[in-house]
Amino acid sequence: MHSGFGAGRNDTVLTGSGKAEKREQYRGAGAAWNSLSTPFGCSTSPRLASIPRSPSPSLPILPESSSPSRSPAPTPPGSSLHGVVTAAALMDPKSPDDRPQAAAPQSQPQPLEWRFAQVFGERGAGEDVQEVDIISAIEFDKSGDHLATGDRGGRVVLFERTDARGSASRTELERQDYPVARHPEFRYKTEFQSHEPEFDYLKSLEIEEKINKIKWGQTANNALFILSTNDKTIKYWKVQDKKVKRVSVMNLDTSQSSDNGTTSSSSTSSCRGLLPNGGCSEKLCANKDLSLPPGGCASLRLPVVVTGQDLNPVARCRRVYAHAHDYHINSISNNSDGETFISADDLRINLWNLEINSQSFNIVDVKPTNMEDLTEVITCAEFHPTHCNTLAYSSSKGAIRLIDLRQSALCDNHSKLFEEHEAAGSKSFFTEIIASVSDIKFARDGRHILSRDYMTLKLWDLNMDSGPVATFQVHEHLRPKLCDLYENDSIFDKFECCLSGDGLRVATGSYSNLFRVFGGSSGNTEATTLEASRNPMRRQVANPTRPARTLSSLTRAVRRGGENAGADGNGNSNDFSTKLLHLAWHPTENSIACAAGNSLYMYYA
């Protein structure tokens with residue numbers, strides 16, 4: 001009564017001999033399928049046996065037979081040969097699809113096409129820029145959902161992302177048949193006065209309110225934490241959304257109050273002269289025989305404070321770290337442990353605990369006994385993104401030192417030194433000035449360091465201190481004009497640099513509100529010049545009188561810029577009065593925020 005298929009299935013499950021028979025059947029069927037799928041019925045076993053195969057974690061490797069081919073085992077009646085053969089063929093590791101193939105050559109990365117996203121604080125034609133409104137610091141937080149800027153007036157302005165994932169409603173997501181690629185969009189969140197101008201009476205020194213650096217702390221309980229500093233004082237801010245409180249009931253009804261706050265003639269005589277805040281008029285208060293009726297005035301009511309539903313961001317200063325630096329603070333950096341941070345001036349680096357503002361530990365001190373022996377100063381310092389014991393700092397001589405806090409309490413001796421020596425005979429009066437490192441940034445993976453001096457952008461590998469792995473020429477076309485740049489102090493401008501989140505590209509600013517994006521991976525010759533305006537690509541048109549220059553290989557190569565004095569690589573003249581010093585790359589997307597004067601421009605690719 002039972003079919004042959006059902007009997008075969010039960011035998012296979014219940015008896016050990018059935019298992020062995022079925023296993024042999026699968027092996028034979030697999031060999032038969034390989035024989036049938038080969039042209040002209042040739043067996044594939046001898047050819048595949050000569051190809052070395054590595055074990056695959058997803059496919060089992062069956063033992064090979066010594067014979068070049070196997071004859072199929074007899075098929076029991078009632079079984080489905082086609083179904084068995086198909087399953088065996090998919091599981092057979094000798095399938096032609098599993099043969100090792102030669103690796104395809106890696107394609108050349110395509111340059112990114114940058115587009116304008118949005119601008120904040122754009123000035124109109126002919127509008128003058130106030131000195132206090134010029135942006136002096138810019139920083140994304142680790143998530144990329146918030147952006148902070150500081151200006152020369154001591155203000156910190158916060159922006160929040162509006163197109164974050166999860167913000168769309170379920171109905172909107174269901175209507176989308178495919179994901180829509182959006183560029184990051186930000187909106188104004190809040191601003192607060194971080195620093196005020198001060199005066200040091202002991203040194204007769206005026207301390208300006210300009211924000212030098214901004215760093216984001218770890219977010220906790222939906223609150224944002226920010227470190228900001230001017231030349232002398234560091235402040236730790238907490239920004240949190242709080243519900244607004246308002247007074248909902250006034251002392252007197254508006255119908256019984258006149259415009260000047262005194263009661264009208266319709267009020268009772270005993271309450272005449274009472275003011276809305278509970279006081280009384282001068283004439284009534286001057287009367288010594290004033291007596292209130294029993295139980296008080298009926299129209300006098302206490303104000304009621306009601307908490308509304310609207311949320312407003314409120315900034316509160318939690319800590320002030322002061323009186324620890326004799327020289328101007330040039331950088332601050334948060335540690336990956338979330339508990340400490342460093343602050344650096346020209347000669348010292350101090351280590352702070354976020355919860356303790358009364359003391360700090362001096363970990364680097366380059367001040368000589370005799371100040372006449374001073375040859376270099378600290379220009380920038382930054383913690384390693386993942387190793388809480390490692391930090392790097394740069395100097396005015398172009399050197400980058402890596403120090404380990406585990407070696408000693410005072411890290412006078414560095415663990416690694418990254419420096420590129422000038423060729424013999426090429427030194428000049430400006431050599432040391434243009435070699436000074438103005439900014440350093442760790443890559444997100446902590447393997448590389450990006451440094452910016454006046455002329456170049458350099459990428460260093462922490463495992464190779466013999467020299468940079470890549471050098472990008474930014475201001476090579478300005479070398480003939482170094483004398484003029486020295487006369488107008490432009491040679492001392494401090495340009496910042498940044499890396500993309502994946503570490504494949506680097507960017508830095510230049511004059512005429514231009515910034516440049518370079519490919520940072522091996523073999524990527526991308527070099528794009530953009531302008532901080534609504535049309536960032538308009539400077540891409542090369543000078544028709546001279547051909548556009550192509551870039552050479554990246555690794556251990558020097559990229560050449562334009563050769564025309566006072567002009568960039570595309571032949572455009574430089575405006576030294578407009579400079580793009582500050583920019584930041586979004587930590588997870590190809591989006592750049594840059595500051596041009598008092599305007600904040602954002603671009604995406």
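This is a short tour of two sets of paired strands in a predicted model.

**Stop 1: strand β18.** Select residues 400–404, which make up strand β18. The strand is mostly covered, with five of its five residues buried. Turn the view to look at each face in turn. On one side are Ile400, Leu402 and Asp404, and on the other are Arg401 and Ile403; both faces are covered.

**Stop 2: strand β17.** Keep β18 in view and add residues 390–395, strand β17. β17 and β18 run antiparallel and are joined by five bridges. To see how the strands line up, show tyrosine 393, which stands opposite arginine 401 of β18. That arginine is one of the buried residues from the previous stop.

**Stop 3: the turn between them.** β17 and β18 form a hairpin, and four residues lie between the two strands. Select glycine 398 in this turn; its phi is positive, about 90°.

**Stop 4: strand β19.** Now add residues 416–418, strand β19. Three bridges join β19 to β18, and this pair is antiparallel. Show leucine 402 together with lysine 416 of β19, its bridge partner. β18 thus has bridges to β17 and to β19.

**Stop 5: strands β12 and β13.** Clear the selection and pick residues 331–334, strand β12, and residues 340–344, strand β13. Four bridges join these antiparallel strands. Show isoleucine 332 and its bridge partner in β13, serine 343.

**Stop 6: the second turn.** β12 and β13 form a hairpin with five residues between them. End on glycine 338 in the turn, where phi is positive at about 75°.

Key
Residues numbered from 1 in each chain as written. Predicted model: local features only at pLDDT ≥ 70, side-chain atom pairs only at ≥ 80, totals over all residues. Heavy atoms only, no water. Buried < 20%, exposed > 50% of the residue type's maximum accessible area, 1.4 Å probe, protein only. Pairing = 2+ DSSP bridges.
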